[in-house]
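Here is a short briefing on one protein chain. Keep the sequence and the model side by side as you read.

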Amino acid sequence: TTVNISIPDLTIQDITSIKRGDYYYIRYLIKNAGNANAEQNTACLYIDGRYVANDTVSLTPGQSKWREFSYKIKGDGKAHLIKVCADCANEVVESN
(Lines give C-alpha, C1' and ligand atoms only; values in the text may rest on other atoms or scores of the structure.)
Protein backbone atom coordinates (compact mmCIF):
# COMPACT_ATOMS: atom_id res chain seq x y z
CA THR A 1 0.00 0.00 0.00
CA THR A 2 1.29 3.42 -0.94
CA VAL A 3 0.36 6.42 1.17
CA ASN A 4 0.84 9.89 -0.30
CA ILE A 5 1.41 12.59 2.27
CA SER A 6 0.95 16.21 1.22
CA ILE A 7 3.54 18.55 2.74
CA PRO A 8 5.18 21.82 1.71
CA ASP A 9 8.84 22.19 0.73
CA LEU A 10 10.12 25.77 1.08
CA THR A 11 13.26 26.99 -0.70
CA ILE A 12 14.94 30.33 -1.31
CA GLN A 13 15.46 30.62 -5.07
CA ASP A 14 17.22 33.99 -5.34
CA ILE A 15 18.41 36.96 -3.25
CA THR A 16 19.01 40.48 -4.54
CA SER A 17 19.34 44.02 -3.22
CA ILE A 18 17.58 47.20 -4.30
CA LYS A 19 19.21 50.59 -3.70
CA ARG A 20 16.99 53.48 -2.66
CA GLY A 21 18.90 56.62 -1.78
CA ASP A 22 21.75 55.72 0.58
CA TYR A 23 20.18 52.43 1.64
CA TYR A 24 19.90 48.88 0.32
CA TYR A 25 16.85 46.68 0.81
CA ILE A 26 17.03 42.89 0.50
CA ARG A 27 14.58 41.05 -1.75
CA TYR A 28 14.24 37.28 -1.99
CA LEU A 29 12.37 34.76 -4.10
CA ILE A 30 10.78 31.99 -2.03
CA LYS A 31 9.12 28.89 -3.50
CA ASN A 32 6.89 26.16 -2.15
CA ALA A 33 8.08 23.13 -4.16
CA GLY A 34 5.84 20.83 -2.12
CA ASN A 35 2.29 19.67 -2.66
CA ALA A 36 0.55 21.35 0.30
CA ASN A 37 -0.03 24.92 1.47
CA ALA A 38 2.65 26.61 3.59
CA GLU A 39 0.68 28.96 5.83
CA GLN A 40 2.28 31.89 7.66
CA ASN A 41 5.89 30.69 7.58
CA THR A 42 8.69 33.01 8.67
CA ALA A 43 11.74 33.80 6.53
CA CYS A 44 14.74 35.35 8.33
CA LEU A 45 17.42 37.74 7.12
CA TYR A 46 21.00 37.46 8.39
CA ILE A 47 23.71 40.04 7.64
CA ASP A 48 27.29 38.93 8.35
CA GLY A 49 25.94 36.04 10.44
CA ARG A 50 23.71 38.25 12.61
CA TYR A 51 19.91 37.94 12.59
CA VAL A 52 18.40 41.32 11.65
CA ALA A 53 14.83 40.84 10.36
CA ASN A 54 12.01 38.47 9.46
CA ASP A 55 9.11 38.33 7.04
CA THR A 56 5.95 36.21 7.10
CA VAL A 57 4.65 34.65 3.89
CA SER A 58 2.07 32.04 2.85
CA LEU A 59 2.47 29.97 -0.34
CA THR A 60 0.28 27.50 -2.18
CA PRO A 61 1.83 24.37 -3.77
CA GLY A 62 4.20 25.31 -6.60
CA GLN A 63 3.87 29.04 -5.90
CA SER A 64 6.85 31.44 -5.88
CA LYS A 65 6.83 35.01 -4.55
CA TRP A 66 9.30 37.88 -4.52
CA ARG A 67 9.34 39.43 -1.03
CA GLU A 68 11.25 42.33 0.52
CA PHE A 69 12.46 42.78 4.08
CA SER A 70 11.69 46.16 5.68
CA TYR A 71 15.23 46.20 7.15
CA LYS A 72 17.56 48.62 5.37
CA ILE A 73 21.35 48.53 5.08
CA LYS A 74 23.33 51.75 4.93
CA GLY A 75 25.67 51.73 1.91
CA ASP A 76 29.17 51.65 3.41
CA GLY A 77 31.24 50.41 0.45
CA LYS A 78 31.99 47.10 2.20
CA ALA A 79 31.03 43.58 1.15
CA HIS A 80 28.51 41.84 3.42
CA LEU A 81 27.43 38.21 3.70
CA ILE A 82 23.65 38.09 3.21
CA LYS A 83 21.65 34.97 4.04
CA VAL A 84 17.91 34.36 3.85
CA CYS A 85 16.51 31.29 5.56
CA ALA A 86 13.05 29.92 4.66
CA ASP A 87 10.96 28.79 7.64
CA CYS A 88 13.68 29.83 10.09
CA ALA A 89 11.35 29.22 13.05
CA ASN A 90 10.62 25.63 11.88
CA GLU A 91 6.88 26.35 11.85
CA VAL A 92 6.20 24.27 8.73
CA VAL A 93 6.62 20.49 8.49
CA GLU A 94 8.52 20.09 5.21
CA SER A 95 9.52 17.27 2.89
CA ASN A 96 13.25 17.81 3.55
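In what order do the three strands of the open sheet stand? The order is β4-β3-β6, with antiparallel pairing. This is a predicted model. In this model, one disulfide and three salt bridges add side-chain links. The points below take the sheet, then the cysteines, then the charged pairs.

**The open sheet**

- β4 (50-59) and β6 (82-85) are the edge strands. Each has a single partner strand, so one side of each is left without a neighbour in the sheet.
- Neighbouring strands here are turned by 20° against each other on average, direction ignored.
- Strand β3 covers residues 38-47 and runs antiparallel to β4. Eight bridges join β3 and β4.
- One position to look up is L45, which stands opposite A53 in β4.
- As background, strands of a sheet pair through backbone hydrogen bonds.

**The cysteines**

- Which cysteines form a disulfide? C44 and C88 do, with their sulfur atoms 1.8 Å apart.
- C44 lies in strand β3, while C88 lies in the segment after β6. The pair therefore ties together parts that are 44 residues apart in sequence.
- The torsion about the S-S bond of C44 and C88 is about 45°, so this disulfide is right-handed.
- C44 is buried, at 5% relative accessible area. C88 is partly exposed, at 23%.
- Why does C85 have no bond to C88? The sulfur of C85 is 5.5 Å from that of C88, its closest cysteine sulfur, and this is too far for a bond. The cut-off for a disulfide is 2.5 Å between the sulfur atoms.
- C85 is partly exposed, with a relative accessible area of 25%.

**Salt bridge E68 to R20**

- The side chains of E68 and R20 meet in a salt bridge at 2.8 Å, N to O.
- E68 sits in strand β5 (residues 64-74) and R20 in strand β1 (residues 10-20). The bridge thus ties together parts that are 48 residues apart in sequence.
- E68 counts as partly exposed at 27% relative accessibility. R20 is also partly exposed, with a relative accessible area of 41%.

**Salt bridge D22 to K74**

- D22 forms a salt bridge with K74. Their closest N and O atoms are 3.5 Å apart.
- D22 belongs to the loop between β1 and β2 (23-32), and K74 to strand β5. The parts that this pair ties together are 52 residues apart in sequence.
- How accessible is D22, in relative terms? D22 comes to 48%, which counts as partly exposed. For K74 the relative accessible area is 43%, again partly exposed.

**Salt bridge D55 to R67**

- D55 and R67 form a salt bridge, the closest N and O atoms being 2.9 Å apart.
- This pair links distant parts of the chain, twelve residues apart: D55 is in strand β4 and R67 in strand β5.
- Is D55 buried or exposed? D55 counts as buried, at 10% relative accessibility. The cut-off for buried is under 20%.
- R67, at 25% relative accessibility, counts as partly exposed.

**Points to keep in view**

- β4 is an edge strand of the sheet, and D55 in β4 is linked to R67 in β5.
- β3 pairs with β4 through eight bridges, and β3 also holds C44 of the disulfide.

Technical notes: Residues are numbered from 1 along each chain as its sequence is written. This is a predicted model: local features need pLDDT of at least 70, side-chain atom pairs count only at pLDDT 80 or more; totals for chains, interfaces and linings use all residues. Side-chain values use heavy atoms; hydrogens and water are left out. Two strands pair if DSSP finds at least two bridges between them. Helices (H or I, at least four residues) and strands (E, at least two) are DSSP runs, numbered from the N terminus. Axes are lines fitted to C-alpha atoms, for helices over the stretch in contact, and angles run from 0 to 180 degrees between N-to-C directions. Buried means under 20% relative accessible area, exposed over 50%, partly exposed in between (1.4 Å probe, protein chains only). A salt bridge is a side-chain nitrogen of Lys or Arg within 4 Å of a carboxyl oxygen of Asp or Glu.
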